[in-house]
Amino acid sequence: MAEKKKTYVEDIERTLYDIRNEDHSAYKSRSGLTEEVVRDISRRKKDPEWMLEFRLKSLEVYHSLALPTWGPDLSELNMDDIVTYVQPDARMTGNWKEVPEDIKDTFDRLGIPEAEKTSLGGVGAQYDSEVVYHSIQEDMVRQGVIYTDMESALREHEDLVREYFMTLVPPKDHKFAALHGAVWSGGSFVYVPAGVQVEMPLQSYFRLNAAGAGQFEHTLIIVEPGASLHFIEGCSAPKYNVTNLHAGCVELFVKEGARLRYSTIENWSRNMMNLNTKRALVEKDGIIEWVSGSFGSHISCLYPCSILHGENARCEFTGVTFASKGQHLDTGASVIHAAPHTSANINTRTISKSGGKATYRSAVKVTRRADHAKCSVNCESLMLDNLSRSDTLPVMDIEGDETDIGHEARIGRISDEAIFYLTSRGIDEEEARAMIVRGFVEPIAKELPLEYALEMNNLVNIELEGTMG
């Protein structure tokens with residue numbers, strides 16, 4: 001009897017994303033996390049006094065909290081080695097021609113300017129710790145839409161920022177929320193007035209170029225009653241032999257009858273610790289839609305949370321995670337039903353290969369106030385070899401009786417029958433396996449605009465490049 005074939009897939013070929021620029025930064029803070037470093041960042045960013053106080057209180061909270069005792073092992077992260085602020089040699093501009101050539105070339109390779117021309121209503125581009133380019137179409141400005149970087153928002157819309165900033169993700173939430181509150185820099189601010197339908201997506205892209213640095217951008221989006229928006233976030237970094245850290249924060253406020261779709265494609269390098277926090281507060285009849293793709297980083301902890309605060313509030317979460325050699329991607333979603341007739345649908349796909357570890361982690365809480373809440377959780381995992389691991393860890397806390405809650409999980413491998421069926425029709429085995437994987441993630445790809453579905457499919461194809469046999 002012939003020996004059964006095994007699948008071998010080469011590791012990801014990241015030429016496009018791993019091109020690194022020479023370090024031309026204008027300034028770097030000292031490594032480590034001290035009061036002196038925090039005050040230095042605040043002074044350079046010309047923070048108002050209340051923000052400096054907020055940073056210092058967050059620093060105190062950070063030192064008072066321990067590392068999480070669950071999830072991936074974070075012991076190799078040493079904050080004494082991390083540079084928390086890197087100022088690029090560039091000023092923010094709305095004219096692409098004014099961006100320094102090396103930075104501009106980086107974003108050109110990633111397709112940011114071209115996407116702006118064809119399919120976006122506004123673009124923000126952050127390089128290391130600062131936004132270097134920002135634009136928004138004039139017709140959106142005329143409708144009262146605000147889309148700018150967080151520093152500009154803090155200067156020009158201070159009362160609005162102060163009302164919402166880190167109220168949904170308070171520093172006491174966990175250690176890395178506190179870290180973010182102390183050293184945050186860059187990010188995006190979006191305000192959509194009541195009733196305004198933003199027809200074209202807005203996109204922010206975050207690129208971390210410096211070795212041994214952290215990126216701590218803050219995204220704050222407010223969608224007023226009856227308004228709608230699609231916001232797209234992308235991020236990447238070249239690979240180094242030292243640890244880099246990403247601890248961003250996303251706060252989304254979806255008011256009564258509003259709708260927000262938040263799409264992310266994360267492709268961090270394999271030396272990155274990605275410890276991101278994302279949370280949405282959804283009021284009566286509001287809708288939050290998450291579309292999430294996680295393809296990079298050494299370790300990821302990412303669980304977007306939706307708080308369904310008003311009656312009939314809804315959440316749709318669609319996500320895909322691809323873990324390869326040397327990666328432990330701990331991802332998922334959480335939903336809090338805090339009002340009657342709220343509903344949520346969570347649908348995820350995880351893929352692991354070459355010894356990668358993918359963990360799906362979800363938390364669903366239904367409070368006593370949430371009569372007739374409905375929630376469906378579906379997670380499917382695909383392992384491409386016998387070296388990899390996939391775990392599903394759902395938690396459900398149901399306080400009320402009148403609820404409809406369901407959970408379904410499936411973990412498996414590519415079946416020999418499926419491969420035989422495709423190869424018997426003239427498709428070679430390598431392409432047959434790739435077709436099955438692409439089909440596996442298709443429910444996520446179809447939720448993205450065409451250009452970003454193509455980007456996600458390209459990342460899947462990159463992960464699958466190599467020899468099979």
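Below are legends for several close-up views of this predicted model.

Residues are numbered from 1 along each chain as its sequence is written, and side-chain values use heavy atoms, with hydrogens and water left out. Because the model is predicted, local features need pLDDT of at least 70 and side-chain atom pairs count only at pLDDT 80 or more, while totals for chains, interfaces and linings use all residues.

**View 1. The whole chain, for orientation.** The chain has twelve helices and 25 strands; these are DSSP runs numbered from the N terminus, with helices being H or I of at least four residues and strands E of at least two. Of its 469 residues, 60% are buried, meaning under 20% relative accessible area (exposed is over 50%, partly exposed in between; 1.4 Å probe, protein chains only). Among contacts with a separation of 6 or more, 84% are between residues 24 or more positions apart, where contact means heavy atoms within 4.5 Å.

**View 2. Strand β12, covered on both faces.** Six of the six residues of β12 (residues 249-254) are buried, so the strand is largely enclosed by the rest of the structure. In a regular strand, side chains alternate between the two faces of the sheet. Here C249, E251 and F253 sit on one side and V250, L252 and V254 on the other, all of them buried.

**View 3. The neighbours of β12.** Strands count as paired if DSSP finds at least two bridges between them. β12 pairs in the parallel sense with β9 (residues 218-223) over six bridges, and six bridges also join β12 to β15 (residues 277-282), again running parallel. Take V250 as a handy marker: T219 stands opposite V250, and in β15 its bridge partner is K278.

**View 4. Y164 meets F253.** Eight aromatic pairs turn up in a search of the whole structure. Rings of Phe, Tyr and Trp (its six-membered ring) pair if their centres lie within 6.5 Å; planes under 30 degrees apart are stacked, over 60 edge-to-face, and the rest tilted. The ring centres of Y164 and F253 are 4.6 Å apart and the planes are at 65 degrees, so this pair is edge-to-face. It links helix α8 (residues 158-164), home of Y164, to F253 in β12, 89 residues apart. Y164 has 9% relative accessibility, so it counts as buried; F253, at 6%, does too.

**View 5. Charges over rings.** A charge sits over a ring if NZ of Lys or CZ of Arg is within 6 Å of the ring centre and within 35 degrees of the ring normal. R44 has its charged end over the ring of Y27, 3.3 Å from the centre. For K175 over Y62, the distance is 3.9 Å.
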